[in-house]
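Q: Please take a close look at one part of this model for me: the salt bridges. I would like to know where the partners sit and how well covered they are.

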Amino acid sequence: MYKKIRLTPDKVQHFVYVAGKCDFEIDICYNRYVVDAKSFLGVFGLDFSKPLTVTYEGYNREFEELLQEHSIAC
């Protein structure tokens, strides 16, 4: 699955915390850069002025709610 989101620097810590509780891999992509969504430094190093693509292959209710909160129209 993939979702388009927009993050702000002040929301990164919470996003990484929720992603870290998931038992499946989660990646965030921007252009050709792909980082592990469970890595604070990796996510914080992205360009927050552009939409980010989150890819994952699992389900966690709290993570889905977080994605819904930060999702953008495609």
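A: Let's begin with the scale used for cover: a residue is buried under 20% relative accessible area, exposed over 50% and partly exposed in between, using a 1.4 Å probe and protein chains only. Please keep in mind that this is a predicted model, in which local features need pLDDT of at least 70 and side-chain atom pairs count only at pLDDT 80 or more, while totals for chains, interfaces and linings use all residues. Numbering runs from 1 along each chain as its sequence is written, and side-chain values use heavy atoms, with hydrogens and water left out.

A little orientation helps. The chain has three helices and four strands, arranged along the sequence as β-α-β-β-α-β-α. Helices (H or I, at least four residues) and strands (E, at least two) are DSSP runs numbered from the N terminus.

Now to your salt bridges, meaning a side-chain nitrogen of Lys or Arg within 4 Å of a carboxyl oxygen of Asp or Glu. There are three in the structure.

Take Glu64 and Lys3: their closest N and O atoms are 3.1 Å apart. This pair links distant parts of the chain, since Glu64 belongs to helix H3 (residues 61-70) and Lys3 to strand E1 (residues 2-5), 61 residues apart. Glu64 counts as buried, with 14% relative accessibility, whereas Lys3 is partly exposed at 24%.

Next come Glu62 and Lys21, whose closest N and O atoms are 2.8 Å apart. Glu62 is in helix H3 and Lys21 in the loop between helix H1 (12-20) and strand E2 (26-30), so this bridge ties together parts 41 residues apart in sequence. Both partners are partly open to the surroundings: Glu62 counts as partly exposed at 29% relative accessibility, and Lys21 is partly exposed with a relative accessible area of 42%.

The remaining bridge joins Arg61 to Glu65, again with closest N and O atoms 2.8 Å apart. Here both residues lie in helix H3, four residues apart, which is about one turn of the helix. Arg61 is exposed at 54% relative accessible area, and Glu65 is partly exposed at 44%.

What surrounds these pairs? Helix H1, which comes before the loop that holds Lys21, has Val12, Phe15, Val16, Val18 and Ala19 as its buried residues. They cover an arc of only 165° around the axis, so they lie on the same side of H1; the arc is that of the directions from the helix axis to the C-beta atoms. Gln13 and Tyr17, on the other side of H1, are exposed. The buried residues of H1 pack against E1, E2, helix H2 (40-44), strand E4 (52-56) and H3.

Stepping back to the chain, 36% of its 74 residues count as buried. Among contacts (heavy atoms within 4.5 Å) between residues at least 6 apart in sequence, 64% join residues at least 24 apart. The chain's radius of gyration is 11 Å, which agrees with the value near 11 Å for a compact globule of 74 residues; this radius is taken over C-alpha atoms, and the globule rule is 2.2 Å times the number of residues to the power 0.38. Along the principal axes, the C-alpha atoms fill a box of roughly 25 × 25 × 25 Å.
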